[in-house]
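Q: Hey, I've just opened this one and don't know my way around yet. Can you walk me through it?

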Amino acid sequence: MATAVPAERDAVASGLSAGADAAGAADTPGGGLVSVGPVDVLAVGVGPAAAAAGTAAALAGAAARDVPYDLVVSAGIGGGFVPDAPVGSLVVADAVTAADLGAETADGFVPVTDLGFGRVTYEPPAALVRQLAAVSGAATGTVLTVSTVTGSAERAAGLRARHPRALAEAMEGFGVAEAAAVHGLPVCEVRAVSNPVGPRDRAAWRIGDALAALGGAFGKFTPVLESWNRHD
């Protein structure tokens, strides 16, 4: 599990511990990693570049120790596109998309794929997405990865116009997915909504509620993650 910051990591780890009826999470020496049974939860940093670098380092280290991972999950809080993803709700991505990877032109934004290289979307395993959503009541849709958090109604509307299935935006999912792809691993993204995507109003953010929702979700995810087989 890859989160941006320690508060998200701790919420996920707490939920996993509760879901597994474990004695508790244990810190792994050497930094921001917390292990709960066979699951490692790591705060990899804010933004797609830090997330990619931190996740790639963790995956390479696990492979070098001959204990490779089977699945990579980007988890945390994020903005939700109203009214489909209100504050306090949960979103499980069925597509992880880089929303601003490309070029601005006189005719508008052009994704990097239309320029002839790269990719902008990863699709998590469909069966896993369905199971996680079913046990948690989460909505499923596209989660956008942005390098700059949306701060205006105009940009929110523009993003939704380009990505009509978008339910949430955050800053790490695509970076985590890029690192997972290098290692041939599937990726999933889970976001608890702390604020509406649009005009920046910190007073309206509900970070505590979103972290609680995130932890609660991972408590419900535990049996799904334990039984999931990437070859199903």
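**Inside the fold**

A: Sure, and keep in mind that this is a predicted model. Let's start with Val92, which touches Val129, Leu132, Ala133, Ala138, Ala139, Thr140, Gly141, Cys188, Glu189, Val190 and Phe221, leaving aside residues up to four places away in sequence.

Q: And which residues touch the most other members of the largest nonpolar core?
A: That core has 30 residues, and the ones with the most contacts to other members are Val12, Val73, Val92, Leu132, Val190, Phe218 and Phe221. At least two residues each come from helix H1 (6-19), E3, strand E5 (72-80), strand E6 (90-98), H3, strand E12 (187-196) and H6. H6 gives the largest share, eight residues.

Q: Is there another core, and how many residues does it have?
A: A second, separate core has 23 residues, including Leu33, Leu59, Val91 and Leu185.

Q: Back to H6: at what angle does it pack with H3?
A: About 150 degrees, with the axes of H3 (residues 126-136) and H6 (residues 207-227) 9 Å apart. The crossing is right-handed.

Q: Which residues meet there?
A: From H3 you get Leu128, Gln131, Leu132, Val135 and Ser136, and from H6 Lys220, Phe221, Val224 and Leu225. That contact is made of six nonpolar, two polar and one charged residue.

Q: New topic: which way do the residues of E3 point?
A: In strand E3 (residues 33-36), Leu33 and Ser35 point one way, Val34 and Val36 the other, and all are buried.

Q: What's the sense of its pairing with E4, parallel or antiparallel?
A: Antiparallel, over four bridges, with E4 spanning residues 39-43. Leu33 has Leu42 as its bridge partner in E4. Two residues sit between the strands of this hairpin, where Gly37 takes a positive phi near 60 degrees.

Methods:
Residues numbered from 1 in each chain as written. Predicted model: local features only at pLDDT ≥ 70, side-chain atom pairs only at ≥ 80, totals over all residues. Heavy atoms only, no water. Axes fitted to C-alpha atoms, helices over the stretch in contact; angles between N-to-C directions. Left-handed = near helix turned anticlockwise from the far one by under 90°. Contact = heavy atoms within 4.5 Å. Nonpolar A, V, L, I, M, F, W, Y, C, P; charged D, E, K, R; others polar. Buried < 20%, exposed > 50% of the residue type's maximum accessible area, 1.4 Å probe, protein only. Pairing = 2+ DSSP bridges. Core = buried A, V, L, I, M, F, W, Y, C linked by side-chain atoms within 4.5 Å.
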